[in-house]
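Q: Please take a close look at one part of this model. I would like to follow a helix, the loop that comes after it and the strand that the loop leads to.

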Amino acid sequence: MDRYTIEIAWEGHLNIQKVIDKKNDGGSKSDNWAGGDYGVYQIYGPHILNKEDALLYVGKAVDETFSLRFRDHKINLLKDEDPDKIKIYLGRLESSPQYTPKYNWRIWYRDVDIVEHILIYRYTPHYNSARLNQYPNLYPHDGIKLLHKGSMGRLSSEDNAPRDYMKQ
């Protein structure tokens with residue numbers, strides 16, 4: 001069985017304004033756009049079904065920084081939410097020898113997509129409608145292990161796909 005591990009370093013919790021103001025490292029042409037403010041994220045806040053601190057949304061910032069992504073979320077997804085009650089966790093995929101401009105960041109993009117899909121399927125955030133019932137595509141691997149490090153919100157320290165799906 002081909003088992004692939006993806007490590008995610010989490011930072012949080014942050015408020016929306018801090019993400020907008022500070023998480024805008026998009027890299028530059030000289031470093032092949034290898035900025036530090038891209039990856040996956042979680043948004044927590046109040047929800048009628050879970051009261052305070054419910055996992056509301058899991059998303060990804062791949063073609064725009066966390067800052068730009070959250071500018072849009074502030075106007076659209078979170079426009080009716082109390083910003084003081086929103087908690088954000090940012091996840092950056094740890095360096096892999098395959099995450100390079102040589103491969104046009106192709107493997108990094110694929111891995112971010114896999115991480116987002118696994119997290120949505122496994123944790124069923126309230127505001128995610130797409131992918132909630134879609135079994136994650138693990139291709140080209142038979143199994144994926146997500147290792148979560150740092151301040152990760154309510155995630156388990158490790159998620160294993162597809163093994164953990166059998167527990168639900």
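A: What follows goes through that part in order, from the helix to the loop and on to the strands. The model is a predicted one.

The helix is α3, residues 106-123, with 18 residues. From its first C-alpha to its last, α3 reaches 26 Å, close to the 26 Å expected at 1.5 Å a residue. Buried here means under 20% relative accessible area. In α3, 13 of the 18 residues are buried, so the helix is largely enclosed by the rest of the structure. As background, an α-helix has 3.6 residues a turn, so residues three or four places apart point the same way.

Close to the end of the numbering of α3, R122 lies over the face of Y123, at 5.5 Å from the ring centre. T124 follows α3 and has a positive phi, near 40 degrees.

Next comes the loop between α3 and β5, where N128 has its place. N128 has 6% relative accessibility, so it counts as buried. The side chain of N128 reaches the backbone nitrogen of V58 at 2.8 Å. Apart from neighbours within four places in sequence, N128 is in contact with L56, Y57, V58 and I120. One of these, Y57, also belongs to a cluster linked by ring pairs, together with Y41, F66 and F70. The structure holds seven aromatic pairs.

Strand β3 covers residues 51-61, and D53 lies in it. D53 is not a glycine, yet its phi is positive, about 60 degrees. With 25% relative accessibility, D53 counts as partly exposed.

Back in the loop between α3 and β5, there is R131. R131 is a residue other than glycine, and its phi is positive, near 75 degrees. The same loop, between α3 and β5, holds P140. Y139 and P140 are joined by a cis peptide bond, with omega about 10 degrees.

The loop leads to β5, residues 143-150. Strand β1, residues 3-14, pairs with β5 in the parallel sense over eight bridges. Within β5, H148 stands opposite I8. β5 also pairs with strand β6, residues 158-161, in the antiparallel sense over four bridges. Here L147 stands opposite E158 in β6.

After β6 comes a segment that includes P162. A cis peptide bond joins A161 and P162, with omega about 5 degrees.

Key. Residues are numbered from 1 along each chain as its sequence is written. This is a predicted model: local features need pLDDT of at least 70, side-chain atom pairs count only at pLDDT 80 or more; totals for chains, interfaces and linings use all residues. Side-chain values use heavy atoms; hydrogens and water are left out. Helices (H or I, at least four residues) and strands (E, at least two) are DSSP runs, numbered from the N terminus. The expected span of a helix is 1.5 Å times one less than its number of residues. Buried means under 20% relative accessible area, exposed over 50%, partly exposed in between (1.4 Å probe, protein chains only). A polar contact is a pair of N or O atoms within 3.5 Å; within protein, one must be able to donate a hydrogen and the other to accept it, and residues adjacent in sequence count only if both atoms are side-chain atoms. Contact means heavy atoms within 4.5 Å. Rings of Phe, Tyr and Trp (its six-membered ring) pair if their centres lie within 6.5 Å; planes under 30 degrees apart count as stacked, over 60 as edge-to-face and the rest as tilted. A charge sits over a ring if NZ of Lys or CZ of Arg is within 6 Å of the ring centre and within 35 degrees of the ring normal. Two strands pair if DSSP finds at least two bridges between them.
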